[in-house]
Amino acid sequence: MKICITSKEESPESRVEKSFGRTPFIAVYDTESKEFNFIENTNRNLAGGVGPKTAQMVINCGAKILITGMIGENAKNVIDAAEIRIITVSDEKTIKEAVSDFEKENPAN
Amino acid sequence: MKIAVASGKGGTGKTTVAANLALAISEIVNTSLIDCDVEEPNLHIFFEGEVKSVDEFVKKPRVDESICTLCKECAEFCRFGAISIIKEKVLISDELCHSCGGCRIVCPADAISEIDVAIGKISEIRVSDKLLLIEGRLNPGQPAGNEIIKASKKDSDNFDAVIFDAPPGAACPFIETISDSDYCILVTEPTPFGLHDLKAAYETGKVADVPMGVVINRSTGKDDDIESFCFKNNLEVLMKIPNDLKIAVIQNNGGLFSVEFPEWKKNFLNLYEKIAGLYGVAL
């Protein structure tokens, strides 16, 4: 299963980015291979429609889970329609911590 | 001649100036007063007359899922994020769509058609033989009023004089309102907020290349900050309306102070003649 996490930088040690739409990077974590991939968010500097466009990137990754700080209504509508579960966490956490917390709380995954 | 009355800041007296100016002009020429503040039109408070309303529609895209190949061209084209491709279906968010029609053009499978969706109303109120009030009103929840503003303005060439009451702010609806005006009156008030937003409206108006002048409302006589800004930027202060309780009382009862005080009708007529004279428009 794939998990997308909004990320300030291109590293698992980076902190979680608080805002969904304008996140600089999306970390894609594979729960089977335990590997991280990072995608640059090319939509982040657009004037409008950023939330749904970033949501489209998450959908294109094939993720089932999205971990982020906060997400706006327009983006949430798209993520919900794709039946992706949204988990909001503090942006004090690193990408690694957010993922390991998720795995501890959801051992079935 | 088309004159927009704008301000940047809300509550400075745009509508007051627009209403009194249009009423004064309508004594001499065939005039239309157009309420372009489509999110909160309020000119109708000052005028009575027979009302005729029509719905205004815009196009929104719809996808024929039996033809759609889920290629994502439309979603990538849409800069407003109004189209998302989710697994086997296309999600269209009407409230984000700006009705540009681009998705229909880029679709290689020809799977997108357009439907008409009502987004607001245009009302005409016949105030007198020479004064027609036109009001644009956007339905609640609609994201953008530009199409309503355009529709409100579509007959403006049929009048000798047209006054546009612009929406507050200096963004898209303001630009839409002033874009085909011959002149823009910027109404301001002698407060730091009034000056701040006057600057924003002035900078935007400059880009739109519309000549501008300033009316200071609620003038206390201590209007130095506004006047020095106007002087530096070569903006003429066309008129000052004093901070007078008598004017406020008339205004708050839905009246027009140029009706109660005939000298003000003359002042508004002079304002029009001054602007028309600047541009060599015959009255």
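A residue counts as buried when its relative accessible area is under 20%, as exposed when that area is over 50%, and as partly exposed in between. At 39% relative accessibility, B:Asp55 therefore counts as partly exposed. The model described here is a predicted one.

**Chain B as a whole**

Chain B holds 10 helices and 11 strands, and its C-alpha trace spans about 70 × 45 × 35 Å along the principal axes. The chain is divided into domain 1 (2–56 + 120–278) and domain 2 (65–110), and the C-alpha centres of these two domains of chain B lie 39 Å apart. Of the 283 residues of chain B, 48% count as buried, while its accessible surface comes to about 13,400 Å², with 51% belonging to carbon and sulfur atoms. Among contacts in chain B between residues at least 6 apart in sequence, 73% join residues at least 24 apart.

**Salt bridges**

Over all chains, a search of the whole structure finds 22 salt bridges, among them the three in this table.

| Salt bridge | Closest N to O |
|---|---|
| B:Lys9 with B:Glu189 | 3.3 Å |
| B:Lys265 with B:Glu27 | 3.4 Å |
| B:Lys121 with B:Asp55 | 3.1 Å |

The salt bridge of B:Lys121 and B:Asp55 joins strand E6 (residues 112–128) of chain B, where B:Lys121 lies, to strand E3 (residues 50–63) of chain B, where B:Asp55 lies, so the pair ties together parts that are 66 residues apart in sequence. At 37% relative accessibility, B:Lys121 is also partly exposed.

In the salt bridge of B:Lys9 with B:Glu189, B:Lys9 lies in the loop between strand E1 (2–6) and helix H1 (14–25) of chain B, and B:Glu189 in the loop between strand E9 (183–188) and H6 of chain B, so parts that are 180 residues apart in sequence are tied together. Both B:Lys9 and B:Glu189 are buried.

B:Lys265 forms its salt bridge with B:Glu27, and this pair links helix H10 (residues 262–278) of chain B, which holds B:Lys265, with the loop between H1 and strand E2 (31–35) of chain B, which holds B:Glu27, 238 residues apart.

**Aromatic rings**

The whole structure contains 6 aromatic pairs over all chains. In one of them, the rings of A:Phe36 and A:Phe38 have their centres 6.3 Å apart and their planes at 25°, so the pair is stacked. Ring pairs link these residues with A:Tyr29 into a cluster.

B:Tyr202 and B:Phe229 form an edge-to-face pair, 5.7 Å centre to centre with 90° between the planes, and both residues are buried. Elsewhere, B:Lys153 lies over the face of B:Phe164, at 4.9 Å from the ring centre.

Conventions: Residues numbered from 1 in each chain as written. Chains lettered and ligands numbered in written order. Predicted model: local features only at pLDDT ≥ 70, side-chain atom pairs only at ≥ 80, totals over all residues. Heavy atoms only, no water. Phe/Tyr/Trp six-rings, centres within 6.5 Å; stacked < 30°, edge-to-face > 60°. Buried < 20%, exposed > 50% of the residue type's maximum accessible area, 1.4 Å probe, protein only. Lys NZ or Arg CZ within 6 Å of the ring centre and 35° of its normal. Domains from an automatic or database assignment. Helix = DSSP H or I, 4+ residues; strand = E, 2+ residues; numbered from the N terminus. Contact = heavy atoms within 4.5 Å. Areas by Shrake-Rupley, 256 points an atom, 1.4 Å probe, with all protein chains shown as cover. Salt bridge = Lys/Arg side-chain N within 4 Å of Asp/Glu carboxyl O.
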